[in-house]
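Good morning, colleagues. I should like to take you through one structure, from its overall make-up down to individual residues. Please keep the sequence and the coordinates before you.

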Amino acid sequence: MGSNHDPLLAGLAALATDAPAGLLDRIAARWVRVPGPVGELLVAFTDQGIAYVRAGEEDFASSFRQRFARPLLPSDRPPAGLLPALRSGRTAGLRFDLRGMSEFQQAVLRAAQAIPRGQVRPYSWIARLIGHPDAVRAVGSALGRNPVPVLIPCHRVIRADGAAGGYVFGTETKEALLNAEGVPLGEVRELARENVFYLGSDTTGIVCFPTCHNARRITSAHRHGFRSLPQAEAAGYRPCLHCRPGSTKVA
């Protein structure tokens, strides 16, 4: 990870008196190396939560310091819940340190965190959910600045045409993560080529995003495709309460 020498830490270590309990954790962050779903991850965390995730960067410490202006110390154990979250893809119990991100950026990341493992949503869904339906491009920029990728799953946000879109670790890694989670990317893209972006069941009268677990249970005899949500609603379908294809800002 590069040199562990840090002038600030060296200065603290040279203090003649013991530092107050917890002072070092307020000044420096800790880091661990852990196995991830598609390779090794370097994870930095503070006393407030997980702050930074990268995939095997040699300059991890310097890139962290450049972004957060804090030194890093190695930790002998990962933060609570990290390893189970990486194995399951469910991160609701983790704490994150998102200080330094704007309210808008944090809202985007919270919305992305709500996307279940094995499912994807378009960028426009995030924009609608946070109450900024015209801010699709800004949503993409906020996801691109996600300091904790994989854990806050911005990889589950893709283009409406089924293309993966950008990702901090590259498109290949984004697709590998989605494949590992069982997302049927090929089917999503095939439907998009047919201008189908929503799937409805004529037995339940519910319309979903194609990767929603409800949509994936629809048999071919009862499955109907729609280009838009208004088209589905005009045909008598109502939006799924799980994947919320018609989401507007939540209270």
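Let me begin with a definition: two residues are in contact when heavy atoms lie within 4.5 Å. Among contacts in this protein chain between residues at least 6 apart in sequence, 61% join residues at least 24 apart. This is a predicted model, in which local features need pLDDT of at least 70 and side-chain atom pairs count only at pLDDT 80 or more, whereas totals for chains, interfaces and linings use all residues. Residues are numbered from 1 along each chain as its sequence is written, and side-chain values use heavy atoms, with hydrogens and water left out.

The chain holds 10 helices and 10 strands; these are DSSP runs numbered from the N terminus, helices being H or I of at least four residues and strands E of at least two. Of its 251 residues, 44% are buried. Here buried means under 20% relative accessible area, exposed means over 50%, and partly exposed lies in between, with a 1.4 Å probe and protein chains only.

I turn to the interior. A nonpolar core is a set of buried Ala, Val, Leu, Ile, Met, Phe, Trp, Tyr and Cys residues joined through side-chain atoms within 4.5 Å. Which members of the largest core touch the most other members? Of its 54 residues, they are Ile50, Ile126 and Leu143. Setting aside residues up to four places away in sequence, Leu143 touches Val108, Leu109, Ala112, Tyr123, Cys154 and Val157. There is also a second, separate core of 10 residues, among them Trp31, Ala44, Ala51 and Phe60.

Two loop residues deserve a comment. Isoleucine 152 sits in the loop between helix 7 (136-144) and strand 6. Because its relative accessibility is 1%, isoleucine 152 counts as buried. Beyond its neighbours within four places in sequence, isoleucine 152 contacts Phe96, Leu98, Leu109, Ala112, Gln113 and Asn146. Its C-alpha is 7.4 Å from that of threonine 91, although 61 residues separate the two in sequence.

Arginine 95 belongs to the loop between helix 4 (82-88) and helix 5 (103-113). Is arginine 95 buried or exposed? It counts as exposed, because its relative accessibility is 52%. Arginine 95 nonetheless touches Asp47, Gln48, Gly49 and Ile50, again not counting residues up to four places away in sequence. Between arginine 95 and alanine 51 the C-alpha to C-alpha distance is 9.1 Å, with their positions 44 residues apart in sequence.

Next, helix 9. Its buried residues are Leu185, Val188, Leu191 and Ala192. Why do they fall on the same side of helix 9? They cover an arc of only 130 degrees around the axis, and therefore share that side; the arc is that of the directions from the helix axis to the C-beta atoms. As a general point, an α-helix has 3.6 residues a turn, so residues three or four places apart point the same way. The buried residues of helix 9 pack against strand 6 (157-158), helix 8 (171-180) and strand 7 (198-201).

Just after helix 9 comes asparagine 195, with a positive phi of about 60 degrees, although this residue is not a glycine. Asparagine 195 lies in the loop between helix 9 and strand 7, and its relative accessibility of 35% makes it partly exposed. Arginine 244, in the segment after strand 10 (238-239), likewise has a positive phi, near 50 degrees, in a residue other than glycine. Arginine 244 counts as partly exposed, at 30% relative accessibility.

Finally, the empty space. On a 1 Å grid over the protein atoms alone, a cavity is a set of points where a 1.4 Å probe fits but cannot get out, and a pocket is an open set with protein on both sides within 12 Å along at least five of seven lines; lining residues have an atom within 4 Å of a point. Grid points are joined across faces, edges and corners, and a volume is the space filled by probe spheres set on the points.

The second largest pocket has a volume of about 250 Å³. Of its 17 lining residues, Pro122, Ala160, Phe197, Phe209 and Pro210 are the closest to its centre. Strand 5 (121-122), helix 6 (123-129) and helix 9 (185-193) each give two or more residues to that lining.

How many cavities of 30 Å³ or more does a search of the whole structure find? The search finds one, with a volume of about 90 Å³. Pro37, Leu86, Gly89, Val150 and Glu181 lie nearest its centre, out of 13 lining residues.
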